[in-house]
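Hello,

I am passing on the structure below, and my notes on it follow. Please read them with the model open.

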Amino acid sequence: PLDHTSMFQTPTSMSVQAIGVVRSPYKERFGTPRQATVWEQSIGNAPQDGEIHLIGDPRYEHALRGLDGFDYCWVICWMHLNTGWNPLVTPPRGPRTKQGIFATRAPHRPNPISLSALKITRVDYKNRIVHVKGLDLLDGTPILDIKPYVPYADAFPNAAAGWLDNIEDMKGPDYLAYSPPPPHLRPKEDNPESSGISGGEERS
């Protein structure tokens, strides 16, 4: 076999360029889903609509061709608001035991890259916009790449999930490390804004 790699040195640093930006109803981390399929304790307690706007290169209109034939796409982003990281973190669900950062989906990482499988609802080729549902990304997050979700290659339903296999309700609520939680995450009976007293509430 031919050797096409030995003559090249492996780079230790790279530069990337955003191809787009996320447009999302989430403006802060409180109330933003930790995973695209986990909505409990998020705004509305339901999957939200969002958009992926491709920017810059006009060729992106053609680069989207065929994407509307897929139900889901992988969206790879750069979590630009996160700084610093720790090698051990305490996950928001399950036993209160620290895990290695590479055994978790924690957002603070050596390279703050995110990977989200999002439901495609529509592709607007002319305006280079992918309409999605169930996103777990903050508004303004830079996008690095989009790839189609392919079930035969991407799904491993019987795969072991490490420490997560010991959690009874994989999609259950998180441990909230802050108290009290923001108003939009509190139960209605505990939220004074839900009583109609707050000036920010609409009145009939």
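**The loop around Arg128**

Leaving out residues up to four places away in sequence, Arg128 touches Ile52, His53, Leu54, Gly56, Asp57, Pro58, Tyr60, Glu61 and Leu64. Bear in mind that this is a predicted model. Arg128 sits in the loop between E6 and E7. Its relative accessibility is 21%, so Arg128 counts as partly exposed, the cut-off for buried being under 20%. From Arg128 to His62 the C-alpha distance is 8.9 Å, while the two are 66 residues apart in sequence. The backbone is also worth a look: Arg128 is not a glycine, yet has a positive phi of about 55°. Most residues other than glycine have a negative phi.

**Overall layout**

The protein chain contains two helices and eight strands. Read from the N terminus, the order of elements is β-β-α-β-β-β-β-β-β-α. Of the 204 residues in the protein chain, 29% are buried. If contacts in the protein chain are restricted to residues at least 6 apart in sequence, 75% of them join residues at least 24 apart.

**Nonpolar core**

The largest nonpolar core has 20 residues, and those touching the most other members are Ile52, Leu67, Val75, Val130, Ile143 and Ile146. At least two residues of this core come from each of strand E2 (49-54), strand E3 (72-78), strand E6 (113-124), strand E7 (129-133) and strand E8 (142-148).

Ile143 can serve as an example from that list. With neighbours within four places in sequence set aside, Ile143 is in contact with Ala18, Ile19, Gly20, Val21, Val22, Ile52, Val75, Ile76 and Cys77. Two of these partners, Ile52 and Val75, are also among the core residues named above.

**Second largest pocket**

What lines the second largest pocket, and how much space lies in it? The space is about 190 Å³. The lining consists of 13 residues, and nearest the centre of the pocket lie Ala63, Leu64, Leu67, Ile146 and Lys147. Two elements, helix H1 (60-63) and E8, give two or more residues to this lining. E8 contributes four residues, the largest share. By type, the lining residues are nine nonpolar, one polar and three charged.

Some residues recur between sections. Leu67 and Ile146, which lie nearest the pocket centre together with Ala63, Leu64 and Lys147, are also listed among the core residues that touch the most other members. Leu64 is in contact with Arg128 as well.

**Aromatic pairs**

A pair of aromatic rings is described by the distance of the centres and the angle of the planes. The count of aromatic pairs here is two.

One of them is formed by Tyr72 and Tyr149, with 6.1 Å from centre to centre and 65° between the planes, which is edge-to-face. Tyr72 belongs to strand E3 and Tyr149 to the loop between E8 and helix H2 (151-154), so this pair ties together parts that are 77 residues apart in sequence. Tyr72 has a relative accessible area of 36% and is partly exposed. Tyr149, at 21% relative accessibility, also counts as partly exposed.

The other pair is Trp74 with Tyr149: the ring centres are 5.6 Å apart and the planes are at 50°, so this pair is tilted. Trp74 lies in strand E3 and Tyr149 in the loop between E8 and H2, so the parts tied together are 75 residues apart in sequence. Through these ring pairs Tyr72, Trp74 and Tyr149 are linked into a cluster.

**Two further residues**

Trp85 is located in the loop between E3 and strand E4 (88-89). Its relative accessible area is 42%, so Trp85 is partly exposed. Not counting neighbours within four places in sequence, Trp85 is in contact with Ile101, His108, Arg109 and Pro110. The C-alpha atoms of Trp85 and Ala106 are separated by 9.3 Å, with their positions 21 residues apart along the chain.

Gln17 is in the segment before strand E1 (20-23). With 69% relative accessibility, Gln17 counts as exposed. Gln17 and Trp78 are 61 residues apart along the chain, and their C-alpha atoms are separated by 10.0 Å.

Regards

Key:
Residues numbered from 1 in each chain as written. Predicted model: local features only at pLDDT ≥ 70, side-chain atom pairs only at ≥ 80, totals over all residues. Heavy atoms only, no water. Core = buried A, V, L, I, M, F, W, Y, C linked by side-chain atoms within 4.5 Å. Buried < 20%, exposed > 50% of the residue type's maximum accessible area, 1.4 Å probe, protein only. Contact = heavy atoms within 4.5 Å. 1 Å grid on protein atoms, 1.4 Å probe; cavity = no way out; pocket = protein on both sides within 12 Å on 5 of 7 lines; lining within 4 Å. Points joined across faces, edges and corners; volume = space filled by probe spheres on them. Nonpolar A, V, L, I, M, F, W, Y, C, P; charged D, E, K, R; others polar. Phe/Tyr/Trp six-rings, centres within 6.5 Å; stacked < 30°, edge-to-face > 60°.
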